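Subject: Structure handover

Hi,

Here is the structure I promised to pass on. Could you take a look at it before you read my notes below?

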Amino acid sequence: MKNIRTLCLLLLTVLIGGCASGPEAPGFAKVQAPVITPDANSGVVYFVRERAHTGRDFSYYLHEGEAVVGVLQSGSYFMLKAAPGVHTYWAATDVEKDLVDVTLKVEAGKRYFIEGGVHVGFWGEHPELNEVSEETAGQILPDLDYVALTAAGAARAE
């Protein structure tokens, strides 16, 4: 009986571990945040993800079209310049139906903030994306680490 219980526990551990998805380190690195400011020709989009226990080991890539623009993990942020116009950023797990996106109409000289999160479902974690105010983002930004996508991370995401 003890052997059956041990075998079931081992099998459950393998199954749960096999369900994890998202990028693994070293796909991104904590680095000094660059100085990126909006100007007459572009806006700046911040992607922030609050430090949280739920989903803390779940990271996901952010895309615009087919291009990978960054990665979010618990307690991280990154930013990028965006030309004026409509931009749609998306994230997904390995399951195509889990795709989530957010669309912004970027104006030159302005800042935009997208908060990433994690929804824990029956079969695993799923990314969430929502536009938030500068005030909301400003409350969590001081506690976040700036992350940059590494060459290995960009190659893995494709």
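First, a term: a residue is called buried when its relative accessible area is under 20%, exposed when that area is over 50%, and partly exposed in between, using a 1.4 Å probe and protein chains only. By that yardstick Arg-49 is buried, because its relative accessible area is 3%.

Some ground rules before the rest. This is a predicted model, in which local features need pLDDT of at least 70 and side-chain atom pairs count only at pLDDT 80 or more, while totals for chains, interfaces and linings use all residues. Residues are numbered from 1 along each chain as its sequence is written, and side-chain values use heavy atoms, with hydrogens and water left out.

**Confidence**

The predictor's confidence in each residue is its pLDDT, on a scale from 0 to 100. For the chain the mean pLDDT is 79, with 74% of residues reaching 70 or more. Among the elements, strand E2 (residues 43–49) has the highest mean, 96, and helix H1 (residues 2–18) the lowest, 42. The pLDDT is below 50 over residues 3–26, a stretch that has 14 contacts in the model beyond near neighbours in sequence; a contact means heavy atoms within 4.5 Å. Where pLDDT is low, the predicted coordinates should not be read in detail.

**The chain as a whole**

Helices (H or I, at least four residues) and strands (E, at least two) are DSSP runs, numbered from the N terminus. The chain has three helices and ten strands, in the sequence pattern α-β-β-β-β-β-β-β-β-β-α-β-α. Of its 158 residues, 38% count as buried. Taking contacts between residues at least 6 apart in sequence, 67% join residues at least 24 apart. The chain exposes about 9,500 Å², and carbon and sulfur atoms supply 56% of that; the areas come from the Shrake-Rupley method with a 1.4 Å probe, and for residues only the protein chains shown count as cover.

**The six-stranded sheet**

Two strands pair if DSSP finds at least two bridges between them. One open sheet has six strands in the order E1-E10-E5-E2-E8-E9, with mixed pairing. Strand E1 (28–30) and E9 stand at its edges with a single partner strand each, so one side of each lacks a neighbour in the sheet. Neighbouring strands here are turned by 30° against each other on average, direction ignored; the axes are lines fitted to C-alpha atoms (for helices, over the stretch in contact), and angles run from 0 to 180 degrees between N-to-C directions.

Going through some of its pairs:

- E1 and strand E10 (residues 145–149) are antiparallel over three bridges, and Lys-30 has Val-147 in E10 as its bridge partner.
- E2 and E8 run in the parallel sense over five bridges, with Phe-113 in E8 as the bridge partner of Tyr-46.
- Strand E8 (residues 111–121) and strand E9 (residues 124–132) are antiparallel over nine bridges, and a hairpin of two residues joins them. Ile-114 stands opposite Glu-131 in E9, and Gly-116 stands opposite Leu-129 in E9.

**The four-stranded sheet**

Another open sheet has four strands in the order E4-E3-E6-E7, with antiparallel pairing. Its edge strands, E4 (67–72) and E7 (100–106), each pair on one side only. The twist from one strand to the next averages 25°. Strand E3 (residues 60–64) pairs with E4 in the antiparallel sense over five bridges, and Glu-64 stands opposite Ala-67 in E4.

**Two buried residues to click on**

Where does Ser-76 sit? Its place is in strand E5 (residues 76–82). Ser-76 counts as buried because its relative accessibility is 0%. Leaving aside neighbours within four places in sequence, Ser-76 is in contact with Phe-47, Val-48, Arg-49, Val-71, Leu-144, Asp-145 and Val-147. The C-alpha atom of Ser-76 is separated by 8.5 Å from that of Leu-141, 65 residues apart along the chain.

Both residues make a polar contact, meaning a pair of N or O atoms within 3.5 Å; within protein, one must be able to donate a hydrogen and the other to accept it, and residues adjacent in sequence count only if both atoms are side-chain atoms. The side chain of Ser-76 reaches the backbone oxygen of Gln-73 at 2.7 Å. Arg-49, which lies in strand E2, has a side chain that reaches the backbone oxygen of Leu-72 at 3.5 Å.

Best wishes
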